[in-house]
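Reader: I would like a close look at one part of this model, starting from a single turn and working outwards. Please keep to what the coordinates show.

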Amino acid sequence: MKNWLSEPYVVELMRNALQSYGYKLHAERPMTAHGADIVGRHPRDRHDIFVECKGYPTGESEGAQRDNYFLAVLGQILLRMRQENAYYAIALPDHPFYTKRILRAEMRRARRWLGLWFFLVGRGGVVRRLTASGTAFQPYFPHQA
């Protein structure tokens, strides 16, 4: 099993969650490829989704690197915002540092202005979503048929 804080784990669980929600995803890309980590289209709702994923740093440089990881993923998703009928999202491990950063007042305003979603992927595979106008993370369950 992959380390739950790692980017590959976040990508894998986000792909599973989005497919369960009905998204048809583009083929998985190498971690070094340019472009969004996850790209998909919802056939019924007819919108695209672009998701940038990032892990959480481990080891001696954790304190300094976690800010860099967060700012880097924000910059990456901003560079992808080219399409109007689309959702743009960031997926991160469900770590207290990320949760606090995302819920800060300035991020709340930025989420609304940009229409940006956040997903948190937990150690046990639970995925939670915060929509652009949301005030709290909610469990992300597939549509019930």
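In the hairpin of β2 and β3, which residue takes a positive phi, and how many residues lie between the strands?

Author: This is a predicted model, in which local features need pLDDT of at least 70 and side-chain atom pairs count only at pLDDT 80 or more, while totals for chains, interfaces and linings use all residues. Residues are numbered from 1 along each chain as its sequence is written, and side-chain values use heavy atoms, with hydrogens and water left out.

The residue is R46, with a phi near 55°, and four residues lie between the two strands of the hairpin. R46 is not a glycine, yet its phi is positive. R46 sits in the loop that joins β2 (38-42) to β3; strands here are DSSP runs of E with at least two residues, helices runs of H or I with at least four, both numbered from the N terminus. Because its relative accessibility is 59%, R46 counts as exposed (over 50%; buried is under 20% and partly exposed lies in between, with a 1.4 Å probe and protein chains only).

Across the hairpin, β2 and β3 run antiparallel and pair over five bridges (pairing takes at least two DSSP bridges). I38 faces V51 of β3 in this pairing. On the other partner of β3 (residues 47-53), β4, the pairing is parallel and spans six bridges. Two positions of that pairing can be named: F50 stands opposite Y88 in β4, and V51 stands opposite A89 in β4. V51 therefore appears in two pairs, one with I38 of the hairpin and the other with A89.

Unlike exposed R46, the strand that follows the loop is covered: seven of the seven residues of β3 are buried. The cover is on both faces of β3, with H47, I49, V51 and C53 buried on one side. On the other side of β3, D48, F50 and E52 are buried as well.

These strands belong to an open, mixed sheet of seven, ordered β1-β2-β3-β4-β5-β6-β7. The edges are β1 (24-25) and β7 (138-139), and each has a single partner strand, so one side of each has no neighbour in the sheet.

Further along the sheet, helix α3 lies across β4, β5 and β6, in terms of contacts (heavy atoms within 4.5 Å). The buried residues of α3 are F97, Y98, T99, R101 and I102. Among the elements that cover them are the strands β4 (86-93), β5 (116-121) and β6 (127-130). Helices α2 and α4 (105-114) are also part of that cover.

On the α2 side, R66, D67, Y69, F70 and L71 meet F97, Y98, R101 and I102 of α3. On the α4 side, R101, I102 and L103 of α3 meet A105, M107, R108 and R111. R101 and I102 thus take part in the contact with α2 and in the contact with α4.

T99 gives a single-residue view of α3, which spans residues 96-103. T99 counts as buried because its relative accessibility is 17%. Apart from neighbours within four places in sequence, T99 is in contact with D94, L120, R128 and F137. Of these, L120 falls within β5 and R128 within β6.

Conventions
Axes fitted to C-alpha atoms, helices over the stretch in contact; angles between N-to-C directions.
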